[in-house]
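Thank you all for coming; I would like to take a few minutes to walk through one structure with you. Please have the viewer open, so that you can follow along as I go.

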Amino acid sequence: MKYNFDQEINRMKTACDKWDGLEKRFGVNDVLPMWVADMDFMAPPAVIEALMERVEHGIYGYTYHPSSYFETIVDWVSRRHQWSIKKEWITHSPGVIPALALLLRSLTQPGDKIIVQSPVYHQFFRVIESQGRTVVNNPLSFKDGRYTMDFADLEAQLDPSVKMLILCSPHNPVGRVWRQEELMRLGEICLKNNILIVSDEIHFDLVYKEYKQIPIASISEALAQQTITCFSPSKTFNIWGVQTAVVIIPNRDLRERYNREINSIGIGSATPFGIAALESAYRFGEEWLDQLMDYLKGNVDFVESYLKNNIPQIKLIEPEGTYLLWLDFRELGFNMEELDQFMLQKARLALNEGHIFGPGGEGFMRMNIACPRATMEKALLQLEQAVKQLSPTGK
């Protein structure tokens, strides 16, 4: 079946953060939203049909995770990521960020140090600090348009109070898909220093064909025992609203401690819609996903060509995964506030400001390209026109 990702769908007046939340987030409501990480595409037809069937049943009471739920997850991870997981390793969360908060609460103590690698998903900073833990930043190294991990800096910052590292894999916002040798080196450091790895792999299905996603826990038994992996069908199939994420914890002691935490606050149960959406997506959504990735790659290529030919001052950091582009605006010469205002007031675009992703994000912007090509064309034309109105100095 051929899916139509060019279809433009009006999302206004649906309580949609991306479109209806512009005034609250940016202070304006007449800009083109290309910020928060959800897609302007309908979910796969199989998911919609499964949800409609569940709605039509008419009763939405207490729900547990059936054996089919676990079997579907095991099969998907094996088929798409060549990682053999066991059903008993699987536990639950309403989302990946809630899972991070619960893992911090159950597996670390207030004041413990938690490593992140900026520029990185801004919610990592918030969730660590909200749980009374301390952020330790191991900034990524940026050279010749490519980001890599800085292992020397990481090792220099270690002390006995560092208890956990939150890995973003694939990395949001810089788009890296980590190579096995990078993950092995990171894993060696964490194993040597008894640091738990929490791997946020929510984008792990969204990897372009030239690259391969490797769950860090799949590399060795030792790493499996010291890693918690979090993912969800929410980004892959645009179903964030069903509030269902998967937490894989091979280590029995860590898993029991986490499960006690989620049960203590009453969020260990399933929802009927989350079960239906996850199972149908992972069973029947693969063809849709493959076509989605081809379409997204077309959007990446379109942006790359457009910038080179029309706005060469703005550089695209080549993405290896995700539908989030990391754009370098530093040649325009703006400071942080000036760039934010230029995008909203001149380009009339709502992108995620690079500085919210922590040190190293200044001068960059994150653009969500999970939208019809016509939207991309409009956005880039607006950006081109705004840049052409600048003085020769860039302001």
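I will go from the whole chain to its strands, then to the cysteines, the salt bridges and one patch on the surface.

Before anything else, please keep in mind that what you see is a predicted model, and that every value I quote is computed from it. The chain holds 15 helices and 15 strands, and its radius of gyration is 21 Å, close to the 21 Å that the globule rule gives for 395 residues, so the chain is as compact as a globular protein of that length. Along the principal axes, the C-alpha atoms fill a box of roughly 60 × 55 × 40 Å, and 56% of the 395 residues count as buried.

Let me turn to strand E9, residues 227-231, where 5 of the 5 residues are buried, so this strand is largely enclosed by the rest of the structure. Which way do its side chains point? Thr227, Thr229 and Phe231 point one way from E9, while Ile228 and Cys230 point the other way, and all are buried. That arrangement can be set beside the general rule that, in a regular strand, the side chains alternate between the two faces of the sheet.

E9 has strand E8, residues 196-200, as a parallel partner, joined to it by 4 bridges, and within that pairing aspartate 200 has cysteine 230 in E9 as its bridge partner. E9 also pairs with strand E10, residues 245-248, this time in the antiparallel sense and over 3 bridges, with threonine 229 standing opposite isoleucine 248 of E10.

Elsewhere there is an open sheet of 4 strands, in the order E11-E12-E15-E14, with antiparallel pairing. Strand E11, residues 315-317, and strand E14, residues 352-353, stand at its edges with a single partner strand each, so one side of each is left without a neighbour in the sheet. For E14, 2 bridges make the antiparallel connection to strand E15, residues 364-368, and one can see there that glutamate 353 has methionine 365 in E15 as its bridge partner.

Now to the cysteines, and how many disulfides does a search of the whole structure find? The search finds 0 disulfides. Cysteine 190 is in none, and the nearest cysteine sulfur, that of cysteine 168, is 15 Å away; cysteine 190 is also buried, at 1% relative accessibility. For cysteine 230, which we met in E9, the closest cysteine sulfur is again in cysteine 168, at 11 Å, and that is too far for a bond. Cysteine 230 is buried as well, with a relative accessible area of 0%.

The salt bridges come next, and their count is 27. One of them joins the side chains of aspartate 290 and arginine 80, at 3.2 Å from N to O, and this pair links distant parts of the chain, with aspartate 290 in helix H13, residues 286-310, and arginine 80 in helix H4, residues 67-81, 210 residues apart. Aspartate 290 is partly exposed at 36% relative accessible area, and arginine 80 is partly exposed at 22%. Both belong to a network of salt bridges that links Asp75, Arg79, Arg80, Glu286 and Asp290.

A second salt bridge is formed by glutamate 261 and arginine 105, whose closest N and O atoms are 3.0 Å apart. Glutamate 261 lies in helix H11, residues 252-264, and arginine 105 in helix H5, residues 96-107, so the pair ties together parts that are 156 residues apart in sequence. Is each partner buried or exposed? Glutamate 261 counts as buried at 15% relative accessibility, whereas arginine 105 counts as partly exposed at 40%.

A local example is the salt bridge between aspartate 301 and lysine 297, at 2.7 Å from N to O; being 4 residues apart in helix H13, these two are separated by about one helical turn.

Finally, please look at the surface, where Ile9, Met42, Ile48 and Met52 make a nonpolar patch of about 330 Å². Methionine 42 sits in the loop between strand E1, residues 32-33, and helix H3, residues 45-57, and is partly exposed, with a relative accessible area of 46%.

Terms used: Residues are numbered from 1 along each chain as its sequence is written. This is a predicted model: local features need pLDDT of at least 70, side-chain atom pairs count only at pLDDT 80 or more; totals for chains, interfaces and linings use all residues. Side-chain values use heavy atoms; hydrogens and water are left out. Patches are made of residues with over 30% relative accessible area and no salt bridge: like charges are joined within 9 Å, nonpolar side chains (Val, Leu, Ile, Met, Phe, Trp, Tyr) within 5 Å. Accessible areas come from the Shrake-Rupley method with a 1.4 Å probe; for residues, only the protein chains shown count as cover. A salt bridge is a side-chain nitrogen of Lys or Arg within 4 Å of a carboxyl oxygen of Asp or Glu. Buried means under 20% relative accessible area, exposed over 50%, partly exposed in between (1.4 Å probe, protein chains only). A disulfide is a pair of cysteine sulfur atoms within 2.5 Å. Two strands pair if DSSP finds at least two bridges between them. The radius of gyration is taken over C-alpha atoms; the globule rule is 2.2 Å times the number of residues to the power 0.38.
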